[in-house]
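Work through these exercises with the sequence and the model open side by side. Try each task before you read its solution.

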Amino acid sequence: MGIAEDVAAWVASNWDLDMTLRQWWARLSAAGLAFPTWPEGLGGRGWRPSQAREVLVALGGAGVIGPPAGNAPNMGAPTLLAHGTPEQKERFVRPVADGTEAWCQLFSEPGAGSDLAGLRTRAERDGDEYVVNGQKVWNSRAESSEWGMLLARTNPDVPKHAGITWMMVDMRQPGVVVRPLVQMNGGAEFCEVFLTDARVPVQNVVGDVGDGWNVARTTLAHERGSIGQQQPRGLLTALAGSMPGHLDRTVRDLVETARRLATDPNRRSDVMVGSKSMIRLAKDVGKAADLEVRQRVADYWIRSEVHRLTGLRSRDNAKGGKPGPEASILKLSTAALAHLSRDLSLSIAWALFALLLLVFGTSRKLGALRWVSLFLLLATIGKVFLLDLEDLAGLYRVGSFLGLALSLLVVSLLYQRFVFRKPRPEGS
Ligand SMILES: Cc1cc2nc3c(=O)[nH]c(=O)nc-3n(C[C@H](O)[C@H](O)[C@H](O)COP(=O)(O)OP(=O)(O)OC[C@H]3O[C@@H](n4cnc5c(N)ncnc54)[C@H](O)[C@@H]3O)c2cc1C
């Protein structure tokens, strides 16, 4: 039997809708099917990436909940597998494989983003512990993580890349305060994390003290690789770790919720529209025969295919489990595709968006959205009456036109004056 048949047979005798997510993930991990490239006993079978992909596709085909996702399996556990001690692998990787613990990445700082090696968070040795002080930012899912992958400066007296150490910090201690950052769309996907005399046992240092930059490069290679990877069709996901509260729900409940969300029109969508959905969108709004739209949709489809194939190449070329340079290409092409997806979908359906945003934007509750609606209204006026632009992508350049900026100001004042005017107090 091939991998697909093996996995299908295993699922048939192990998937039970009445078991909890905790039980399902424990089974998946014990069978080595959670992360097949990882070692036996730690959720894997020591298999090649292409075999692991076959397992994932087969799990997707069976319509079950896939292995735990997120920072811990995508970049943290692979870092420990490459640089950790046997004790660290046993302590930290196993709970990642069975989804009972989630991790966040504590790398970026307010003054150290692109210049990551300039980070200032300090870790000073105090007996068998490090005492950590500093601030991190943009930390995805930090509010629901048990552990943080921390980069801290342990030696300020050497060149900046040489004084950094990679360590696992327990997020559940009083010295760690997590504040979600609310975005203009109302979501809060990132956090800022304040570390004040937080404690890290010396045995939680991964790699050598002062060699954190080297360890971090492994983490970042895996991060880039995971950003570009696409989930197989049909695979359902659930949040790992104890804090989101899913571990003790039945898989039946989670599957039903996931299916309901998949068909919920109000659901927040992914960062980009898939190429097939883009074709459908063009057909749905009657633009499929428009020569320019056809050309651009075809271009989008080709770029999406190149992206997908680069993902396969990246996986197959991974050396010793570490993604190669293709991972960097994937990260860049993910961002480029997200931009194209936005421009193209808006240019196909701009009139619809403008109308919807105008209608919804008049709600006071929607805050920033009303400004977006206003912008789109002006953009539409600009497109139709003033500038006769080819497509909405061009409207992003419009911001630099003095005339439109001026009309933005005037119309916004009128809009504020008449549409959002607060009712006057009685008698005034
Ligand atoms: C979706 C998402 C999730 C993230 N999750 C996490 C996370 O979980 N944990 C974490 O630690 N971080 C996370 N980050 C942060 C991220 O990894 C980067 O560290 C951060 O986005 C870059 O830093 P910055 O925002 O301070 O930008 P800056 O470093 O200020 O850069 C701003 C702009 O200036 C440019 N620039 C900077 N320096 C130079 C230079 N010398 N020359 C020319 N141009 C320059 C940059 O290219 C960029 O365009 C996340 C980011 C995103 C987008």
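**Exercise 1: A hub in the core**

Leaving out residues up to four places away in sequence, Val132 touches Thr121, Ala123, Leu150, Ala152, Val169, Leu195, Ala198 and Val200. The model is predicted. Task: find which residues touch the most other members of the largest nonpolar core.

Solution.
- Step 1. Take the size of the set. The largest nonpolar core holds 61 residues.
- Step 2. Pick out the hubs. Val132, Leu151, Met167 and Val169 touch the most other members.
- Step 3. Ask which domains contribute. The core draws at least three residues from domain 1 (3–98 + 226–253) and at least three from domain 2 (103–212).
- Step 4. Look for another core. One of ten residues lies apart from this one, with Val273, Met278, Leu340 and Leu344 among its members.
- Step 5. Set this against the general pattern. Nonpolar side chains tend to be buried together in soluble globular proteins.

**Exercise 2: An enclosed strand**

Task: decide how many residues of β4 are buried, and where their side chains point.

Solution.
- Step 1. Count. Seven of the seven residues of β4 are buried, so the strand is largely enclosed by the rest of the structure.
- Step 2. Sort by direction. Trp147, Met149, Leu151 and Arg153 point one way. Gly148, Leu150 and Ala152 point the other way.
- Step 3. Check the cut-off. A residue is buried if 20 or more other C-beta atoms lie within 10 Å of its own.

**Exercise 3: The partners of β4**

Task: state which strands pair with β4, and in which direction each runs.

Solution.
- Step 1. Start with β1 (residues 103–106). Four bridges join β1 to β4, and the two run parallel.
- Step 2. Name bridge partners. Cys104 is matched with Gly148 of β4, and Leu106 with Leu150 of β4.
- Step 3. Move to β5 (residues 164–170). Seven bridges join β5 to β4, and this pair is antiparallel. Met149 has Met168 of β5 as its bridge partner.
- Step 4. Inspect the faces of β1. Both are covered. Trp103 and Gln105 are buried on one side, Cys104 and Leu106 on the other.

**Exercise 4: A hairpin**

Task: describe how β2 joins β3, and find the residue with a positive phi between them.

Solution.
- Step 1. Read the pairing. β2 (residues 122–126) and β3 (residues 129–137) run antiparallel, joined by five bridges.
- Step 2. Take one bridge. Glu124 is partnered by Val131 in β3.
- Step 3. Look at the turn. Two residues lie between the strands. In this hairpin, Gly127 takes a positive phi near 65°.

**Exercise 5: Two loop residues with positive phi**

Task: compare Trp138 and Arg141. Is each buried or partly exposed?

Solution.
- Step 1. Place them. Trp138 is in the loop between β3 and β4 (147–153). Arg141 is also in the loop between β3 and β4.
- Step 2. Read the backbone angles. Trp138 has a positive phi near 65° and is not a glycine. For Arg141, also not a glycine, phi is positive at about 60°.
- Step 3. Count neighbours. Trp138 is partly exposed because 18 other C-beta atoms lie within 10 Å. Arg141 is buried because it has 23 other C-beta atoms within 10 Å.

**Exercise 6: The ligand shell**

Task: list the residues around the ligand and sort them by class.

Solution.
- Step 1. List them. The shell is Cys104, Gln105, Leu106, Phe107, Ser108, Gly113, Ser114, Trp138, Asn139 and Ser140.
- Step 2. Sort. Four are nonpolar and six are polar. No charged residue is in the shell.
- Step 3. Link back. Trp138, a member of this shell, is the partly exposed loop residue of Exercise 5.

**Exercise 7: Apart in sequence**

Task: give the burial of Pro156 and Leu330, and the C-alpha separation of each from a second residue.

Solution.
- Step 1. Take Pro156, in the loop between β4 and β5. Pro156 is exposed because 10 other C-beta atoms lie within 10 Å. Its C-alpha is 8.9 Å from that of Arg120, which is 36 residues away in sequence.
- Step 2. Take Leu330, in helix α10 (residues 326–361). Leu330 is buried, with 23 other C-beta atoms within 10 Å. Its C-alpha is 6.7 Å from that of His307, 23 residues away along the chain.

Methods:
Residues numbered from 1 in each chain as written. Predicted model: local features only at pLDDT ≥ 70, side-chain atom pairs only at ≥ 80, totals over all residues. Near = placed C-beta within 6 Å. Nonpolar A, V, L, I, M, F, W, Y, C, P; charged D, E, K, R; others polar. Pairing = 2+ DSSP bridges. Core = buried A, V, L, I, M, F, W, Y, C linked by C-beta atoms within 7 Å. Buried ≥ 20, exposed ≤ 12 C-beta atoms within 10 Å, placed from the backbone. Domains from an automatic or database assignment. Contact = placed C-beta atoms within 7 Å.
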